[in-house]
Amino acid sequence: MNATPVSRTWLPLWLLAGLLAGLLGAAAQAQPTTAQVVRHHAALVHATYEDTLAGARRLQQAVQAFTAAPGAEGLAAARQAWLDAREFYGQTEAFRFYGGPIDDDRGPEGRLNAWPMDESHVDGVQGRPGAGLVNDRRQPLNKRALAALNERGGEENIATGWHAIEFMLWGQDLSDSGPGNRNADDFIDGRAPNADRRRQYLALVTELLLDDLGSLVRAWSPDRRDHYRARFEAGGTASLRKMLVGLGSLSRGELAGERLEVALASQDQEDEHSCFSDNTHRDAVNNALGIENVWLGRYRRADGTLLQGPGLRDLVAAKDAALADRTTQQIRQSVLAAEALQAPFDREIVGGDAAPGRLRVRAAIASLTQQSRDLVEAAAAIGITRLTLVQP
């Protein structure tokens, strides 16, 4: 008895080749190389600093308009420009803690974002109206002098950066229910002593802020091979380690520790990050979002476009999908916990242990602390062990 012939359908060679190429391409996309992740991260860093610098330029324009003709409307516009620019800077703090351009031996981080601030180092305060550099007419005011005076004589002697500008715009926060309420008259000749120097000081520290942000944009620029970015892109696994150190250190040591735990323990308004503007709750959100940006390899730009590419999550998922998913969920939970914090933050930290605000702060601390542990485990999954993180 003859066997029934088996019918075979042969695919053209060109079609087989196309299918194979598609499968290989999908696999490559799902499992990026270390070099791809590092290169995309450098692009993400550069984009975030670019948006921050653009926001700072809008702040400078508002400050220039205000100091040219001081008034309540101009002061309100400058305050809003400061708040808008901080939304982007907060996300850049995920690029710290590993000796990069922001905080190496010559980095500008201390000039940009040092805190807490002794306000009397800069200007008059309640009970000491003649205090500060503004009211000392013997002290020359220029960018070089102000940079040298930053943290001179003590870490809280902050003379420059976001919080010096914040203090100049809002003044001391003496209210339990809102931010500082500096009067525009402080900048008008004949209505407040040394108003001319106050205008000059505000203009100078804003210009210095732009100088320092511009140096970071240049350091991460792709257009020259002698910039930091070129060395970072060539760093391979060492650069991955830096990325993870930045995320873990911001998670536990800085955000959960210095910015939330310290304030929770002291219940002191002076220990909140952006105390003059009552913007501390947004600082926490944007720090948490910056961590998520790096982990996922994505960043929503100021113009609304999404910069998306291979991230740390993708590398970890190729080794341990469950761990990658768990870490992603924990990082998202931290963003949500930060978003749950209510303004003003100085009211969130006061009261007994069962106070709703204090419970919200503790929830954020717990989530950030857990995510730092998850990040250490994720690093180990891709071969990065003995991850040394900044602790509180």
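L240 has a relative accessible area of 3%, under the 20% cut-off, so this leucine counts as buried. In this predicted model, L240 belongs to helix α9, which runs over residues 237-266. What lies 8.3 Å from L240 in space, C-alpha to C-alpha, despite a gap of 144 residues in sequence? The partner is I384.

Another helix worth a look is α7, covering residues 195-219. Its 25 residues should span 36 Å at 1.5 Å a residue, and the C-alpha atoms at its two ends sit 37 Å apart, so the expected and modelled lengths agree. Is α7 largely enclosed or largely open? It is largely enclosed by the rest of the structure, because 18 of its 25 residues are buried.

One of the residues in helix α7 takes us to the salt bridges, and there are 30 of them in the structure. R198 pairs with D123, with N and O 2.7 Å apart. This pair ties together distant parts of the chain: D123 is in the loop between α4 (109-113) and α5, R198 is in helix α7, and 75 residues separate them. Both ends are tucked away from the surface: D123 is buried at 2% relative accessibility, and R198 is buried too, at 5%.

Here are three of the salt bridges side by side:

| Pair | N to O distance |
|---|---|
| D123 and R198 | 2.7 Å |
| R96 and E93 | 2.8 Å |
| R191 and D185 | 3.1 Å |

The R96 and E93 pair is another buried one, with both residues counted that way. These two also take part in something bigger than a pair: a network of salt bridges links E93, R96, E109, E254 and R259. The R191 and D185 bridge has another setting. R191 has a relative accessibility of 57%, over the 50% cut-off, so it counts as exposed. D185, at 27%, counts as partly exposed.

Charge also shows up on the outside. Which residues form a negative surface patch? They are E151, E155, E156, D268 and E270. Take E155 as an example: this glutamate sits in the loop between α5 (143-149) and α6 (162-170), and its relative accessible area of 66% makes it exposed.

Now for some backbone details. A cis peptide bond joins W115 and P116, with omega at about -10°. P116 lies in the loop between α4 and α5, the loop that also holds D123. A cis peptide bond also joins A343 and P344, where omega is about -5°. P344 falls in the loop between α12 (321-340) and α13 (345-348).

Two residues have a positive phi even though neither is a glycine: D278, at about 55°, and R386, at about 50°. Where does each one sit? D278 is in the loop between α9 and α10 (280-296), while R386 belongs to the segment after α14 (356-381). Are they buried or exposed? D278 is buried, with a relative accessible area of 7%, whereas R386 is exposed, with a relative accessible area of 80%.

Key: Residues numbered from 1 in each chain as written. Predicted model: local features only at pLDDT ≥ 70, side-chain atom pairs only at ≥ 80, totals over all residues. Heavy atoms only, no water. Patch = residues over 30% accessible without salt bridge, like charges linked within 9 Å, V, L, I, M, F, W, Y side chains within 5 Å. Areas by Shrake-Rupley, 256 points an atom, 1.4 Å probe, with all protein chains shown as cover. Salt bridge = Lys/Arg side-chain N within 4 Å of Asp/Glu carboxyl O. Lys, Arg positive; Asp, Glu negative; His and termini not counted. Charge placed at Lys NZ, Arg CZ, Asp CG, Glu CD. Helix = DSSP H or I, 4+ residues; strand = E, 2+ residues; numbered from the N terminus. Buried < 20%, exposed > 50% of the residue type's maximum accessible area, 1.4 Å probe, protein only. Expected span 1.5 Å × (residues − 1).
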